[in-house]
Amino acid sequence: MSYAEAAAANGPTGPKVVEDPMHTTPEEAKKEAQQGADKVKKEASKASKDASKEADKLKKDAAKATDEAIKKGKATANNVKKDLKELEKESQPYIDSATKFIKDKYQAAANFVTSYVNKDTVNAAGAELQNPVVLGQLAVILGSATAGWFVYSERARIRTENKYVVGIHAAIITGLVLADGYLFSNLYPKYKKN
C-alpha cells in the first residue's frame, strides 16, 4: 500500500473518494443548491417558531411578574395607610395635650406682658423719643450695628497680623464709645422734657 492510498483510506472522508467539484453538472449543482436552500428555510422557520415561543413565554412571565409586583405594592400601601391611621389615633391625645400646654403658656406670657406694659409705659417711651439726644443715640446704635455687620462680612479682607492696626482700631472704637457716653450724659438733661 502506498502512502497516498493509506492517507486516502484513513482520511476525513474515509475510504470514499472525494468527487471533483469541477465535474458536477449544472442540474446537480442546482439540485444541491435547492436542497441547501430548503434546509436553511426549514432551520430558519424552526428558529423563528422557537423565538416566537420564547418571546411569548417572556411576555407571559413579565405580565405575571408585573401583576405580582402591583399586588404587593397595593398591599404595602394599604398596610402603610392602616399604620398611619393607627398612629394618628394613638398620638392624638399627646398632640392635644401639647397644643393645650402651648396655648396655656402663651396666654400666661401674654398676661404677664400686659400687666407690666401699660399706658404709662407707652407714654413715657413717646416722651423719651421726643428728646433729640435719644434719637441721636438710636442713630449711633444703628450706625454701629451697620458698621459691625460690614466688618463681619469683610473680615477675610480686613484680617491683619499687624498689631498696630488692631490697636489703632481698638483705640478709635473706645474713643467713640467714650465720646458718645460723655455727650449723652451732658446733653440728655438739657433736652429732657418733664
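Select N131 and V133 to begin: a polar atom of the N131 side chain lies 3.0 Å from the backbone nitrogen of V133. The model on screen is a predicted one. The contact sits at the start of α4, where the N131 atom involved is a side-chain oxygen.

**N131 and its surroundings**

Keep N131 selected and display the elements on either side. N131 is found in the loop that runs between α3 (119-128) and α4 (132-153). The relative accessible area of N131 is 2%, and N131 is therefore buried, the limit being under 20%. Next, show the residues that N131 touches: leaving aside those up to four places away in sequence, they are Y188, Y191 and K192.

**The whole chain**

Zoom out to view the full chain in cartoon form. The chain contains six helices and zero strands. Read from the N terminus, the order of elements is α-α-α-α-α-α. Switch to a surface representation: the chain exposes about 17600 Å², and carbon and sulfur atoms account for 64% of that area. Of the 194 residues in the chain, 3% are buried.

**Helix α4**

Now select α4, the helix that spans residues 132-153. It has 22 residues, and its first and last C-alpha atoms are 31 Å apart. This distance is close to the 32 Å expected at 1.5 Å a residue.

**Helix α6**

Move to α6, residues 163-191. For its 29 residues, a rise of 1.5 Å a residue predicts a span of 42 Å; the end C-alpha atoms are 42 Å apart, so the two values agree. Centre the view on S185, where α6 bends by about 25°. A proline, P189, follows S185 within four residues.

**The aromatic pair**

Which residues form the one aromatic pair found in a search of the whole structure? Select F184 and Y188: their ring centres are 5.2 Å apart and their planes meet at 25°, so the pair is stacked, planes under 30 degrees apart being the criterion. F184 and Y188 are four residues apart in helix α6, which means that about one helical turn separates them.

Colour these two residues by accessibility. F184, at 29% relative accessibility, counts as partly exposed, whereas Y188, with a relative accessible area of 18%, is buried. Y188 also appeared earlier in the tour, as one of the residues that N131 touches.

**I173 and S144**

Finally, select I173, which lies in helix α6. Is I173 buried or exposed? With a relative accessible area of 55%, I173 is exposed, because the threshold is over 50%. Add S144 to the selection and draw a line between the two C-alpha atoms: I173 and S144 are 9.8 Å apart in space, although 29 residues apart in sequence.

Notes
Residues are numbered from 1 along each chain as its sequence is written. This is a predicted model: local features need pLDDT of at least 70, side-chain atom pairs count only at pLDDT 80 or more; totals for chains, interfaces and linings use all residues. Side-chain values use heavy atoms; hydrogens and water are left out. Helices (H or I, at least four residues) and strands (E, at least two) are DSSP runs, numbered from the N terminus. The expected span of a helix is 1.5 Å times one less than its number of residues. The bend at a residue is the angle between axes fitted to the seven residues ending there and the seven starting there. Buried means under 20% relative accessible area, exposed over 50%, partly exposed in between (1.4 Å probe, protein chains only). A polar contact is a pair of N or O atoms within 3.5 Å; within protein, one must be able to donate a hydrogen and the other to accept it, and residues adjacent in sequence count only if both atoms are side-chain atoms. Contact means heavy atoms within 4.5 Å. Accessible areas come from the Shrake-Rupley method with a 1.4 Å probe; for residues, only the protein chains shown count as cover. Rings of Phe, Tyr and Trp (its six-membered ring) pair if their centres lie within 6.5 Å; planes under 30 degrees apart count as stacked, over 60 as edge-to-face and the rest as tilted.
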